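Here is a short set of exercises to work through with the model open in your viewer. Try each task before reading its solution.

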Amino acid sequence: DRELDAIVKGAHDAMLDYRERLDRISAEIEQHASTMQSQLSDTPMGTAELHRFLLAKQQQIATILAEAQ
């Protein structure tokens, strides 16, 4: 019983950590996108910067999802 409790608690704690990390990434994307929209989104340089930023966030998300499996 205690072993099962420890396993379930560990899985729950890990899920909370993954969720928190994904929430932080989401907030960063929203903040960056709104900043970019008001500053550089109409320029090729601004578009390229946003693209690089989103690719980096995609990699971070992929890493979290791989860890969760």
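A residue counts as buried under 20% relative accessible area, as exposed over 50%, and as partly exposed in between. Keep these cut-offs at hand for the exercises below. Please also bear in mind that this is a predicted model.

**Exercise 1. Overall form**

Task: Find how many helices and strands the chain has, and decide whether the chain is more spread out than a compact globule or not.

Solution. Start with the secondary structure: there are 2 helices and 0 strands in the chain. Next, take the radius of gyration, which is 17 Å, whereas the globule rule gives 11 Å for 69 residues. The value is well over the rule, so the chain is more spread out than a compact globule. The extents of the C-alpha trace can be read next: along the principal axes they are about 60 × 20 × 5 Å. Finally, turn to the surface. Of the 69 residues, 12% are buried. The chain has an accessible surface of about 5,600 Å², and carbon and sulfur atoms account for 57% of this surface.

**Exercise 2. The span of helix α2**

Task: Compare the end-to-end reach of helix α2 with the span expected at 1.5 Å a residue, and list the buried residues of α2.

Solution. Helix α2 covers residues 44-68, which makes 25 residues. The expected span is 1.5 Å times one less than the number of residues, and for α2 this comes to 36 Å. From first C-alpha to last, α2 reaches 36 Å, close to the expectation. As for burial, the buried residues in α2 are Gly46, Phe53, Lys57 and Ile64.

**Exercise 3. Lysine 57 and glutamate 28**

Task: Classify lysine 57 and glutamate 28 as buried, partly exposed or exposed, then work out which parts of the chain their salt bridge ties together.

Solution. First, apply the cut-offs. Lysine 57 has a relative accessibility of 9%, so it is buried. Glutamate 28 stands at 33%, so it is partly exposed. Second, look at the charged groups: the side chains of lysine 57 and glutamate 28 form a salt bridge with an N to O distance of 2.3 Å. Third, place the partners. Lysine 57 belongs to helix α2 and glutamate 28 to helix α1, so the pair ties together parts 29 residues apart in sequence. Fourth, list the contacts of lysine 57: leaving out residues up to four places away in sequence, lysine 57 touches Ile25, Glu28 and Ile29.

**Exercise 4. Phenylalanine 53**

Task: Find out why phenylalanine 53 counts as buried, and which residues beyond its sequence neighbours are in contact with it.

Solution. Phenylalanine 53 is in helix α2. Its relative accessible area is 17%, which is why it counts as buried. Once neighbours within four places in sequence are set aside, phenylalanine 53 is in contact with Glu28, Ile29 and His32. For a view along the chain, take leucine 4, which is 49 residues from phenylalanine 53 in sequence; their C-alpha atoms are separated by 41 Å.

**Exercise 5. Salt bridges within helix α1**

Task: Locate the salt bridges of aspartate 17 with arginine 21 and of aspartate 23 with arginine 19, and say how many residues separate the partners.

Solution. The overall count is 6 salt bridges. In the pair of aspartate 17 and arginine 21, the closest N and O atoms are 3.5 Å apart. Both residues lie in helix α1 (residues 2-39), 4 residues apart, or about one turn of the helix. Aspartate 23 and arginine 19 also form a salt bridge, at 3.5 Å from N to O. They are 4 residues apart in helix α1, so about one helical turn separates them. Now check exposure: aspartate 17 is partly exposed at 35%, and aspartate 23 is partly exposed at 41%.

**Exercise 6. A nonpolar patch**

Task: Which residues make the nonpolar surface patch of about 300 Å²?

Solution. The patch is made by Leu4, Ile7 and Val8. Take leucine 4 as the example: it lies in helix α1, and with a relative accessible area of 51% it is exposed.

Definitions and conventions: Residues numbered from 1 in each chain as written. Predicted model: local features only at pLDDT ≥ 70, side-chain atom pairs only at ≥ 80, totals over all residues. Heavy atoms only, no water. Buried < 20%, exposed > 50% of the residue type's maximum accessible area, 1.4 Å probe, protein only. Contact = heavy atoms within 4.5 Å. Salt bridge = Lys/Arg side-chain N within 4 Å of Asp/Glu carboxyl O. Patch = residues over 30% accessible without salt bridge, like charges linked within 9 Å, V, L, I, M, F, W, Y side chains within 5 Å. Areas by Shrake-Rupley, 256 points an atom, 1.4 Å probe, with all protein chains shown as cover. Rg over C-alpha atoms; globule rule 2.2 N^0.38 Å.
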